[in-house]
Amino acid sequence: MGIFDSLLGNASEVNIEKIEEELIDIFANGEHVERAFNIFRDLFVFTNKRLILIDKQGVSGKKTEYHSVPYKNITHFSVETAGHFDMDSELKIWISGTSEPISKQFGKNNNINNVQKILAGYVLN
């Protein structure tokens, strides 16, 4: 998986050590990265305590939004897979206390099922 896959929206697993170095300043005591996936410039980071959604914004990607979601606050989630005419898959995550879900788009040939499986493991435990 290279830059071409990223441009198509495919989720690819990211080096955990690199992500931990980048996020060390925002971690709670005892928190560490267990899995991480990138989709173009955005990241899904699964730690032992929470899901961190990282949204790189702007042309340079220097402006960054960190959306921190404790697993216990995820009430439910859904995955809509790509069809023959619809080229995108979509992951929606509902958080307690909010009416609208967090929504992320994935390309057709992607690892959305991998992300869903990992998310289910954290939410259901």
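**View 1. Phe 37 and Phe 46, two buried rings.** In this predicted model, Phe 37 and Phe 46 are both tucked away as buried residues. Their ring centres sit 6.5 Å apart with the planes at 90°, so we call this pair edge-to-face.

**View 2. Phe 46 pairs with Tyr 122 as well.** Here the arrangement is stacked, with 5.7 Å from centre to centre and just 10° between the planes. Look at where the two partners come from: Phe 46 belongs to strand E3 and Tyr 122 to helix H3, so the pair links distant parts of the chain, 76 residues apart. Both Phe 46 and Tyr 122 are buried.

**View 3. The aromatic cluster.** Zoom out a bit and you'll find Phe 37, Phe 46, Tyr 71 and Tyr 122 forming one cluster. In total, the structure has 3 aromatic pairs.

**View 4. The largest nonpolar core.** This core has 19 residues, and the ones touching the most other members are Phe 44, Phe 46, Leu 51, Leu 91 and Ile 93. Strands E2, E3, E4, E7 and E8 and helix H3 each chip in two or more residues. H3 gives the most, with 5. In soluble globular proteins, nonpolar side chains tend to be buried together.

**View 5. Ile 93 and its contacts.** Leaving aside residues up to four places away in sequence, Ile 93 touches Leu 51, Ile 74, His 76, Phe 77, Pro 101, Ile 102 and Leu 119. Apart from the largest core there's another one, made of 10 residues, including Ile 19, Leu 23, Phe 27 and Ile 52.

Notes: Residues are numbered from 1 along each chain as its sequence is written. This is a predicted model: local features need pLDDT of at least 70, side-chain atom pairs count only at pLDDT 80 or more; totals for chains, interfaces and linings use all residues. Side-chain values use heavy atoms; hydrogens and water are left out. A nonpolar core is a set of buried Ala, Val, Leu, Ile, Met, Phe, Trp, Tyr and Cys residues joined through side-chain atoms within 4.5 Å. Buried means under 20% relative accessible area, exposed over 50%, partly exposed in between (1.4 Å probe, protein chains only). Helices (H or I, at least four residues) and strands (E, at least two) are DSSP runs, numbered from the N terminus. Contact means heavy atoms within 4.5 Å. Rings of Phe, Tyr and Trp (its six-membered ring) pair if their centres lie within 6.5 Å; planes under 30 degrees apart count as stacked, over 60 as edge-to-face and the rest as tilted.
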